[in-house]
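Okay, thanks for having me. Let's pull the structure up and walk through a few spots together.

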Amino acid sequence: FAPSALPLLALVGVGGTAAGAWCQTRPAEDEVDVVIVGGGIVGASLALSLLRREPGCSIVLVDRATCGSEASGLSAGTISCLGAGDGSNPVADLCYRTLTFLKSLRTSSFDFQQGGALLVATTPGQQAHIKKQMEDSIAHGYTEQQWMEHADLRKFEPALSGAVSAAVFTPLSCHVDPPALTHTIVEEATRKGCMVMENTPVVSMERVAGEDRAYNVVLGSGGRVLRCRN
C-alpha cells in the first residue's frame, strides 16, 4: 500500500450488499480516501492495516448490520500455524502473518488461546500422506511441526480415539473468538481515525463520469453519498 494506490473502493464479504458501478455525476456529501464495504474480520483488518501503513488516511467502514455479525461470527476461529517458511506455501504464510497480526493488537480480549493443534491420521494411507506433507513443508522452512505416534501421542492427548494412529502437532496453532476479535480490530481502527457506519446498507456504487479513479458510494441511510477519489 502506498499513497499512490488511493483511492480504494474495497468490497469484502457480504456486509455491504452493493449493486454494480456505472457512471453518474451525483454530488457527493463527503470525500474520503477509502470506502470499505463489509465490516467483517477481513474488512476490519483491511481498515486497520491501511491506517497502520498510512496514518491520516481517511477511511469509512460500512456494514449493513453490525461489524462481525454475519459470516465472521460463524467462523470456527482456529488458525493452523506451521511457522515462518520460505514463502512457497501461501496459506501457511497467511496463517503465520495472521498470528503476528494478532499479537500486535493492543488488547487480548478476543479469547486468544495458543495451545497448538493436532492433524490426525486413522489409516495407513492418511498417516503416510500427512507425514510426507509435514516433511515436505519442513524442507521449505515450515519447521513448527512435530510427528507423534502411539504412546507419545496418547500421553500428549489421552482423550484421543483409539482409531488415531499418528498425528502432526503444530504448537503455534491457536484459537480466537471471531466476533470478539472483529470488534477488537474495529475498535483499534476507530482509535486510529476510521469512521464506522453500522446498520447502513450500500445501495449502489457509481463510477464518477469523467474521472478514472473516482466512485460515489450511495448509502441506504437517507441516500447519503460518499466519494472516494484522488
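Let me start with a question: is Glu188 buried or exposed? Bear in mind as we go that this is a predicted model. Glu188 is buried, because its relative accessible area is 4% and the cut-off for buried is under 20%.

So who does Glu188 pair with? One partner is Arg52, in a salt bridge whose closest N and O atoms are 3.1 Å apart. That pair ties together distant parts of the chain: Glu188 sits in helix H5 and Arg52 in helix H1, with their positions 136 residues apart. Arg52 itself counts as partly exposed, at 31% relative accessibility.

Glu188 also forms a salt bridge with Arg191, and here the closest N and O atoms are 4.0 Å apart. These two are both in helix H5, three residues apart, which is about one turn of the helix. Arg191 is partly exposed, at 47% relative accessibility. Put the shared partners together and you get one network of Arg52, Glu188 and Arg191.

How many salt bridges does the whole structure have? The search finds five. Another one of them joins Asp136 to Lys132, with the closest N and O atoms 2.8 Å apart. Both residues lie in helix H3, four residues apart, again about one turn of the helix. Asp136 comes out as partly exposed, at 37%.

On to the pockets. The largest has a volume of about 620 Å³. Its lining takes in 22 residues, and nearest the centre are Ile41, Ser45, Leu94, Thr98 and Phe101. Which element gives the largest share of that lining? That's H1, with seven residues. Helix H2, strand E6 and helix H5 each supply at least two residues as well. By class, you're looking at 12 nonpolar, seven polar and three charged residues.

The second largest pocket holds about 290 Å³ of space. It has 17 lining residues, with Ser80, Leu82, Leu119, Gln133 and Gln145 nearest the centre. H3 gives the largest share here, four residues. The lining splits into 10 nonpolar and seven polar residues, with no charged ones.

Last stop, Val196, which is in strand E11. Val196 is partly exposed, at 29% relative accessibility. Its C-alpha atom is 6.1 Å from that of Val62, although the two are 134 residues apart along the chain. Beyond its close sequence neighbours, Val196 is in contact with Leu61, Cys67, Val186 and Thr190.

That's my tour, happy to take questions.

Definitions and conventions
Residues are numbered from 1 along each chain as its sequence is written. This is a predicted model: local features need pLDDT of at least 70, side-chain atom pairs count only at pLDDT 80 or more; totals for chains, interfaces and linings use all residues. Side-chain values use heavy atoms; hydrogens and water are left out. Buried means under 20% relative accessible area, exposed over 50%, partly exposed in between (1.4 Å probe, protein chains only). Contact means heavy atoms within 4.5 Å. On a 1 Å grid over the protein atoms alone, a cavity is a set of points where a 1.4 Å probe fits but cannot get out, and a pocket is an open set with protein on both sides within 12 Å along at least five of seven lines; lining residues have an atom within 4 Å of a point. Grid points are joined across faces, edges and corners, and a volume is the space filled by probe spheres set on the points. Ala, Val, Leu, Ile, Met, Phe, Trp, Tyr, Cys and Pro count as nonpolar, Asp, Glu, Lys and Arg as charged, and the others, Gly among them, as polar. A salt bridge is a side-chain nitrogen of Lys or Arg within 4 Å of a carboxyl oxygen of Asp or Glu. Lists of a residue's contacts leave out its neighbours within four places in sequence.
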